[in-house]
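Biologist: Could you walk me through this one? I'd like to hear the reasoning behind each label, not just the labels.

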Amino acid sequence: MKKAKKTRRSFIGNSYRESLKYIYDSRNFIYLSLGLFFGASLAGFFLPVPQSVVEQIAEFIRRLLEETKDMGQFDLIRFIFLNNLQSSFIGMMFGILLGIFPALILFVNGYLLGFVSLASIREEGILVLWRLFPHGIFELPAVFISTGLGLKFGTFIFRKNKSDSFRKYFWNSLQAFLLVVVPLLIIAAIIEGTLIIYSG
């Protein structure tokens, strides 16, 4: 019994180390994700936004607030976690299509962050950004890792041995997602849900 538990712990530990190594080996794609996200954020913050886009973003935020307004802390945490989980998983696995989906997710979320940051500063002043910081301290690294792995996944098509590269990228990405990204998203959802409840 003890030997089985020790073997299981050893397997999980080895898998976790392998995941961290794969993430490290994929760091250039993760840096690319970070660059795309903050480039889109700067665009949303500094560039003029067409009125039609403003209306769509406002409607999206209104529906989101309406959907979550009566939620308790646990339900809100679960809602945030499942939304982020779905977005991160799609961003990673649909990277198979030449990295188009992760790039799109990064652009949309980055642009939305830039737009919301500008609107918040206009409403409450620049110090409001410090209140937004805790919301992304765990969520953003999880997003950058998952989308970075998605961008890397899409490069299998350019490898000499496409089938082996596909299997390697798929399983390594899935393992890293389960062992590294999911725990980050859980922590992020707990922090964000708690902050929203107690600041509202």
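Modeller: From the N terminus on, the elements run α-α-α-α-α-α-α-α. This is a predicted model, by the way. The secondary structure comes to eight helices and zero strands, and buried residues make up 35% of the 200 residues in the chain.

Biologist: What makes the Phe153 and Phe170 pair tilted?

Modeller: Two values. The centres are 6.4 Å apart, and the cut-off for a pair is within 6.5 Å, so the rings count as a pair. The planes make an angle of 50°; under 30 degrees would be stacked and over 60 edge-to-face, so tilted is what remains. A search of the whole structure finds 13 aromatic pairs, this one among them.

Biologist: Why do you say that this pair ties parts of the chain together?

Modeller: Because Phe153 lies in helix α7 (residues 139-153) and Phe170 in helix α8 (residues 162-199), parts that are 17 residues apart in sequence. Phe153 and Phe170 also belong to one aromatic cluster with Phe156, Phe166 and Trp171.

Biologist: Why is Phe153 called buried, and what is Phe170 called?

Modeller: Phe153 has 1% relative accessibility, and buried means under 20%, so the label fits. Phe170 comes to 24%, which is in between the limits of 20% and 50%, so Phe170 counts as partly exposed. Phe170 has another link to offer: Phe170 and Ile96 are 74 residues apart in sequence, but 9.0 Å apart in space, C-alpha to C-alpha.

Biologist: Ile96 rings a bell. Which residues make up the nonpolar patch on the surface?

Modeller: Phe94, Ile96, Leu97, Leu98, Ile100, Phe101, Ile157 and Phe158, with about 750 Å² of accessible area together. Take Leu98, in the loop between α4 (73-93) and α5 (100-124). Patch residues need over 30% relative accessible area, and Leu98 has 55%. That is also over the 50% limit, so Leu98 counts as exposed.

Biologist: How do you know that the span of α5 is close to the expected value?

Modeller: α5 has 25 residues and reaches 36 Å from its first C-alpha to its last. The expected value, at 1.5 Å a residue, is 36 Å. The buried residues of α5 include Pro102, Gly110, Tyr111, Phe115 and Leu118. Just after α5, Gly125 takes a positive phi of about 95°.

Biologist: On to charges. Why is the contact between Asp25 and Lys21 called a salt bridge?

Modeller: The N to O distance is 2.9 Å, and the rule asks for within 4 Å, so the contact qualifies. Asp25 and Lys21 both lie in helix α1 (residues 2-25), four residues apart, about one turn of the helix. Asp25, at 40%, is partly exposed, while Lys21, at 53%, counts as exposed. By this rule the count comes to five salt bridges.

Biologist: How do you know that the charged end of Arg27 sits over the ring of Tyr24?

Modeller: The distance from the ring centre is 4.1 Å, and the limit is within 6 Å. The rule also has an angle condition, within 35 degrees of the ring normal.

Biologist: What makes Arg63 and Glu59 a salt bridge?

Modeller: Their distance is 3.6 Å, N to O, and with the cut-off at 4 Å, Arg63 and Glu59 are therefore counted. Being four residues apart in helix α3 (residues 51-68), Arg63 and Glu59 are separated by about one helical turn. Arg63, at 46%, is partly exposed, and Glu59, at 32%, also counts as partly exposed.

Biologist: And what joins Asp164 and Arg167?

Modeller: A salt bridge of 2.4 Å, N to O. Since the limit is 4 Å, this contact qualifies too. Asp164 and Arg167 are three residues apart in helix α8, or about one helical turn. Asp164 has 38% relative accessibility and counts as partly exposed, and Arg167 is partly exposed at 43%.

Biologist: Which residues end up in one network?

Modeller: Glu59, Arg62 and Arg63, joined by salt bridges that share partners.

Notes. Residues are numbered from 1 along each chain as its sequence is written. This is a predicted model: local features need pLDDT of at least 70, side-chain atom pairs count only at pLDDT 80 or more; totals for chains, interfaces and linings use all residues. Side-chain values use heavy atoms; hydrogens and water are left out. Rings of Phe, Tyr and Trp (its six-membered ring) pair if their centres lie within 6.5 Å; planes under 30 degrees apart count as stacked, over 60 as edge-to-face and the rest as tilted. Helices (H or I, at least four residues) and strands (E, at least two) are DSSP runs, numbered from the N terminus. Buried means under 20% relative accessible area, exposed over 50%, partly exposed in between (1.4 Å probe, protein chains only). A salt bridge is a side-chain nitrogen of Lys or Arg within 4 Å of a carboxyl oxygen of Asp or Glu. Patches are made of residues with over 30% relative accessible area and no salt bridge: like charges are joined within 9 Å, nonpolar side chains (Val, Leu, Ile, Met, Phe, Trp, Tyr) within 5 Å. Accessible areas come from the Shrake-Rupley method with a 1.4 Å probe; for residues, only the protein chains shown count as cover. The expected span of a helix is 1.5 Å times one less than its number of residues.
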